[in-house]
Each structure stands twice: as structure tokens, then as C-alpha cells.
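Q: Please take a close look at one part of this structure for me. I am new to it, so start with the sheet and work outward from there.

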Amino acid sequence: MKKKKLVVLTGAGMSAESGFETFRDAGGLWERYPVEQVATPEGWAADPAMVTGFYNGLRRQLLAARPNEGHCRLAGMESDMDVCVVTQNVDDLHERAGSTNVIHLHGELMKVCSSAHPDDPRCIRTLGPDDAEVPVGATAADGSLLRPWIVWFGEAVPRLEAAAREVETADVFAIIGTSLNVYPAAGLVRYVRPGVPVYLIDPNPVRLPSGCPVTVIRDVASKGVARLHEALSRQEKKP
Ligand code: APR
């Protein structure tokens, strides 16, 4: 029998229990670092050394982090379902937990690229623990400054189409740990077909686009994903 397709949209809350602060909660990353300085092309142009240092710091944090129970449970659900994770997160914790189909909407922290042509595949390089600290002034294969392979505010989201195709073929859709403040990612909810069940896992209230019926699991990701898995398994067993 064909497996049901679960598409999950994850945000910073997914990785909170792995030790990453979210962006917009109290004490979140954007409270401590001005977003215009570290996550825009203008910020990069103004001070590439500072931006390089900021992402080096995030990489150090990522190398020390581990996937949490939520990431692991989602990966484990691949044995029952066809699971696609669409994530706004730039960490690689879904992959490290074992998820095999992950779309990164906002890029990947462990990759660097050309600042002249960020999407030129010839200049995209994956870093490992030994070269995660990018030296200030390092250059890409085309001679331009090496920049993080991150989609900054004001830049196009190249993986959006691929993500939308996944969402519109979902049999179940789940939203985990995102405030749904950032578009176009938040607009993906609109691609869910009518009648497809939508679940939302978050310890805090999140406002969904109107008219979208949703089952709210008011919990942190580690426990919430387990509750989602149990709910979906119960439904499968129903005659
Ligand atoms: N488990 C689940 N959700 C949690 C947890 C947790 N342990 N802790 C916090 N959350 C929830 C918060 O309640 C909030 O709704 O995670 C959400 C985090 O929201 P944001 O900080 O806005 O992060 P996110 O939605 O991922 O941001 C989207 O904005 O700045 C950009 O590019 C950045 O990808 C990011 C995008």
C-alpha cells in the first residue's frame, strides 16, 4: 500500500531544545543582533568581516549541538509515512537525525558560496568541523568573497517552488516551531489541499492565515512530534 505523505514545515522552535535560541521570542537572536546587519545583503556589503564572524559563531554552536527527540521522531516516522521536511532552519539537525528528504528554504549554515553569484553550484562548498571557521577575506572559486549560503532578507527563495509542490501533494501537513512571520515561507500553508488535516505544534499561540482549520498541539517539539505521531497512528488503525 502506498504510504501517506506527511509534509512538515519547521522553524526555529524545532531546534530550540537542541540549544538554539529562536529569533523572535524574548531574548531571541534578533534581539541581540540587528537583523539588518547580519541577515541582509546590505549588512554584508557594509561589514563582511563582522558577518563572517557572526556565522562562524553560529557554526561553532551547531557543531556542538545534537538533534533532539523531535528531530529523531520525525526521521523515524519515515518507516510509516513518506515524509518531506520543509525547513526554515539553516542547521543540519534534521539530516543528522536521519531525515532523508529535507528542503532548506533559507539555506544551510554549513555551506558557503560566492558573494558574486550565490547560486552558482561550482562555488558552493560544504564545510566540515575542520574548516567551519571561515577566515575573514577568504574567497570563492570565482575570486569573490566567500559568503554564507544563507537566504538573507530581501533575497529570492530558490527552493520555494519545490517546497510548494511538496505541500500541494501532502496527505497530512504539520507546522512545527515557527511564528509564521516570514514570507514567502509562511504562505506555504495556502498550498495545502482542502480537506487535508493540518497540525500545529508550538508551546505558544501562533496565528495562521484565516480559514485554515488546524489541530493545535500546544507543546514543545520533542513532545509535540511524539503526540502527532501517536495521533496519526491512531487514525491509521481506525476501521
Ligand atoms: N518547540 C516548538 N516550538 C517552539 C519551542 C519549542 N521548544 N520554543 C519556541 N518555539 C516556537 C515559538 O513559540 C515561536 O512560535 O518557535 C517559534 C519561533 O519563531 P521565530 O523565532 O519567529 O522563528 P521562525 O518562525 O523559524 O523564523 C522564520 O525568520 O529571521 C528569519 O530566517 C530566519 O528562518 C528564520 C525565519
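A: What follows goes through the sheet, then the cysteines, then a helix pair.

The model is predicted. Its open sheet has six strands. Their order is β3-β2-β1-β7-β8-β9, and the pairing is parallel. Two strands sit at the edges: β3, residues 102-104, and β9, residues 215-217. Each of these pairs on one side only. From one strand to the next, the twist averages 20°.

Now move to the β3 end of the order. Here β3 pairs with β2, residues 82-87, in the parallel sense. Three bridges join the two strands. One residue pair to find is Val-86 and its bridge partner in β3, Ile-103.

Next, the cysteines. Cys-84 is buried, and its relative accessible area is 0%. Cys-123 is also buried, at 7%. Does burial come with a bond? For Cys-123, the closest cysteine sulfur belongs to Cys-113, 8.4 Å away, so the two are too far apart for a bond. A disulfide needs sulfur atoms within 2.5 Å. By that rule, the count is zero disulfides.

Last, the helix pair. Helix α5 covers residues 69-76, and helix α8 covers residues 221-237. Their axes come within 7 Å and cross at roughly 25°. The angle is under 35 degrees, so α5 counts as roughly parallel to α8. The crossing is left-handed. On the α5 side, the contacts come from Glu-69, Gly-70, Arg-73 and Leu-74. They meet α8 residues including Ala-221, Val-225 and His-229.

Terms used: Residues are numbered from 1 along each chain as its sequence is written. This is a predicted model: local features need pLDDT of at least 70, side-chain atom pairs count only at pLDDT 80 or more; totals for chains, interfaces and linings use all residues. Side-chain values use heavy atoms; hydrogens and water are left out. Two strands pair if DSSP finds at least two bridges between them. Helices (H or I, at least four residues) and strands (E, at least two) are DSSP runs, numbered from the N terminus. Axes are lines fitted to C-alpha atoms, for helices over the stretch in contact, and angles run from 0 to 180 degrees between N-to-C directions. Buried means under 20% relative accessible area, exposed over 50%, partly exposed in between (1.4 Å probe, protein chains only). Angles under 35 degrees count as roughly parallel, over 145 as roughly antiparallel, 65 to 115 as roughly perpendicular and the rest as oblique. A crossing is left-handed if the near helix is turned anticlockwise from the far one by less than a right angle, and right-handed if clockwise. Contact means heavy atoms within 4.5 Å.
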